[in-house]
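Reader: I would like a close look at one part of this protein. Please pick a helix and walk me through its surroundings.

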Amino acid sequence: KKVADRYLKREILGEGTYGVVYKAIDTKTGQTVAIKKIRLGKQKEGVNFTALREIKLLKELKDPNIIELIDAFPHKGNLHLVFEFMETDLEAVIRDPNIFLSPGDIKSYFQMTLKGLLVCHKKWVLHRDMKPNNLLIGSNGQLKLADFGLARIFGSPGRKFTHQVSVHVQAFFIQRICISKCIRSDAEMMDKSSSLLNRRPFLQGDSDIDQLGKIFQKLGTPTPSQWPDLEWLPDFVEYSSQTAQPWRKLCPTASDDALDLLSKLFTYDPKTRITVQQALEHRYFTSVPLPTDPAKLPRPA
Ligand code: ADP
């Protein structure tokens, strides 16, 4: 009945891209865990590599803001990855209409996200799939980066990056936070907010190109003076120029510090964009309201 003579299976938690995730009890420690079962063999070639990559990366990234891989083993033709059990994720928090997020709450979630990301970048790992439902939240309110299946080590040999991925996806999360922040504290926009928070993200396009158009509409098309290396990017095409909307207009009720940090993070040219380390040192995180103590953050009932 026990899996690998150690784990007592409980209910299914969800279905991921590569297989089922179920809840279990680790009889060795008494701890509740989440086991990701990855089908081996039947799937396309890439999958096994994805799983192995996730294992390798997570072993190198041990940190309070990164999901802990407790164990990994093959069992009945499946690969099992055992993770610490997490109660919820940031998407569930953002979407819950009963949750009010104060500026301090948002700051806290944002700070924990950046802390996790800093550990990745220090180890030369790009997460490449930063989005609210990959940011899991534990019972103590700690936020942890998860789902490293897409992650890659910078400059590792072999396949080139699919260049489309990294530009906008990372940006996405911060906008969600920012927008939920703007809108939740602005009663007039409450209607829009629920549709936004109910799976209608601010800048979501229905294809990469459409996504890019949505970004340019708000942030303006990047100009050669802003981003000198732009024209050398693969697949570069010139867009009819659009000017950036002021951050104050995109996020009317955010604090000046928040807007300053956002504009620095949303700098197109990676050479001038601030690093995660610099973002964490930004005065936004030391000015009042201070980040909420994780244990006191609101979570879905
Ligand atoms: P995907 O491949 O679609 O990103 P995952 O395979 O990471 O999804 O996870 C599938 C589902 O399992 C998630 O939506 C979540 O509900 C649940 N889950 C994943 N990891 C954990 C965990 N550590 N603790 C609790 N639930 C989890």
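Author: What follows is a short tour of helix α3 and its surroundings. The model is predicted.

Start with the whole chain. The protein chain has nine helices and ten strands. It has 301 residues, and buried ones make up 29% of them. Now look at the contacts with a separation of 6 or more. Residues 24 or more positions apart account for 65% of these.

Now find α3. The helix covers residues 103-122, which is 20 residues. From its first C-alpha to its last, α3 reaches 28 Å. That is close to the 28 Å expected at 1.5 Å a residue. An α-helix has 3.6 residues a turn, so residues three or four places apart point the same way. Is α3 mostly covered or mostly open? It is mostly covered, with 14 of its 20 residues buried.

Next, check both ends of the helix. Before α3 comes a loop, which links it to α2 (90-95). L101 lies in that loop. Why does L101 count as buried? A residue needs 20 or more other C-beta atoms within 10 Å to be called buried. L101 has 21 such neighbours, so it counts as buried. Compare its position with that of L58. The two are 43 residues apart in sequence, and their C-alpha atoms are 30 Å apart in space. At the other end, W124 sits just after α3. W124 takes a positive phi of about 60 degrees.

Now turn to the strands beside the helix. α3 lies across β8 and β9. The helix runs at about 35 degrees to β9. Both strands belong to an open sheet of three, in the order β6-β8-β9. The pairing in this sheet is antiparallel. Which strands form the edges? They are β6 (88-89) and β9 (143-145), and each pairs on one side only. Strand β8 spans residues 135-137, and three bridges join it to β9. Look for L135 there. It stands opposite L145 in β9.

Finish with the ligand. The shell around it holds 14 residues, and G14, G16, T17, V21 and A34 come nearest. Two elements give two or more residues to this shell: β1 (7-15) and β3 (32-39). By class, the shell has nine nonpolar, three polar and two charged residues.

Note on methods. Residues are numbered from 1 along each chain as its sequence is written. This is a predicted model: local features need pLDDT of at least 70, side-chain atom pairs count only at pLDDT 80 or more; totals for chains, interfaces and linings use all residues. Helices (H or I, at least four residues) and strands (E, at least two) are DSSP runs, numbered from the N terminus. The expected span of a helix is 1.5 Å times one less than its number of residues. A residue is buried if 20 or more other C-beta atoms lie within 10 Å of its own, exposed if 12 or fewer, and partly exposed in between; C-beta atoms are placed from the backbone. Two strands pair if DSSP finds at least two bridges between them. Two residues are in contact if their C-beta atoms, placed from the backbone, lie within 7 Å. Axes are lines fitted to C-alpha atoms, for helices over the stretch in contact, and angles run from 0 to 180 degrees between N-to-C directions. A residue is near a molecule or strand if its C-beta atom, placed from the backbone, lies within 6 Å of it. Ala, Val, Leu, Ile, Met, Phe, Trp, Tyr, Cys and Pro count as nonpolar, Asp, Glu, Lys and Arg as charged, and the others, Gly among them, as polar.
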